[in-house]
Amino acid sequence: MKYEKLYKNSNGEYRYLFNWIGGGFNDVWAKNKRDAINKINSNYTLEVNMSTLRKCTKTQSDKWDRDGYLATC
């Protein structure tokens, strides 16, 4: 199995993926999980399923974006 690094932007933030309770999904860029939770709580009013909050790799990020695009077509 090939290991892939976690996806990080030029600000040193990881991309965190998460699902909403009741359906749907989103993402946030943050330095750590606590920062991600704070950004989610300050920017969104919907309830997040915290058990789905996770960092992703570039491959997972690309699939996330592709699936999101297909869901809107």
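Which residue in β3 is the bridge partner of Trp20? That would be Val48. Keep in mind that this is a predicted model. With that said, here is a walk through the sheet, the core and a couple of polar residues.

## The sheet

Three strands make up an open sheet, in the order β2-β1-β3, with antiparallel pairing. β2 and β3 are the edge strands, each pairing on one side only. From one strand to the next, the twist averages 25°. As a reminder, strands of a sheet pair through backbone hydrogen bonds, either parallel or antiparallel.

Take β1 with its two partners. Strand β1 covers residues 14-20, and six bridges tie β1 to β2, residues 25-30. One pairing to look for here is Arg15, which stands opposite Trp29 in β2. These two strands form a hairpin with four residues between them, and in that hairpin Gly22 has a positive phi near 95°. On the other side, four bridges join β1 to β3, residues 48-55. Besides the Trp20 pairing with Val48, you can find Tyr16 bridged to Lys55 in β3.

## Helices over the strands

Two helices are worth tracing against this sheet. α1, residues 33-43, lies across β1, β2 and β3 and runs at about 125° to β2. Helix α2, residues 58-72, also lies across β1, β2 and β3, and runs at about 40° to β1.

## What's in the core

β1 is mostly covered, with six of its seven residues buried. The largest nonpolar core has 10 residues: Tyr14, Tyr16, Phe18 and Trp20, then Val28 and Ala30, then Ala36 and Ile40, and finally Val48 and Leu53. β1, β2, α1 and β3 each put in at least two residues, and β1 gives the most, with four. In a regular strand, side chains alternate between the two faces of the sheet.

Phe18 is a good core residue to click on. Leaving aside neighbours within four places in sequence, Phe18 is in contact with a long list of residues, including Val28, Ile40, Val48 and Leu53. Those four are also members of the core. The contacts of Phe18 include Tyr44 and Trp64 too, along with polar residues such as Asn26, Asp27 and Thr52.

## Arg15, a charged residue under cover

Is Arg15 buried or exposed? Arg15 sits in strand β1, and it counts as buried because its relative accessibility is 6%, which falls under the 20% cut-off. Its side chain makes a polar contact of 2.3 Å with the side chain of Ser61.

If you skip neighbours within four places in sequence, the contacts of Arg15 include Tyr7, Asp27, Val28 and Trp29. Also among them are Arg54, Lys55 and Cys56, plus Ser61, Trp64 and Asp65.

## Asp35 on helix α1

Asp35 belongs to helix α1. It counts as partly exposed, because its relative accessibility is 23%, and that category lies between 20% and 50%. A polar atom of the Asp35 side chain lies 3.2 Å from the backbone nitrogen of Lys31.

How far apart in space are Asp35 and Ala71, C-alpha to C-alpha? The distance is 28 Å, for two residues that are 36 apart in sequence.

Methods. Residues numbered from 1 in each chain as written. Predicted model: local features only at pLDDT ≥ 70, side-chain atom pairs only at ≥ 80, totals over all residues. Heavy atoms only, no water. Buried < 20%, exposed > 50% of the residue type's maximum accessible area, 1.4 Å probe, protein only. Pairing = 2+ DSSP bridges. Core = buried A, V, L, I, M, F, W, Y, C linked by side-chain atoms within 4.5 Å. Contact = heavy atoms within 4.5 Å. Axes fitted to C-alpha atoms, helices over the stretch in contact; angles between N-to-C directions. Polar contact = N/O pair within 3.5 Å; in protein donor to acceptor, adjacent residues only side chain to side chain.
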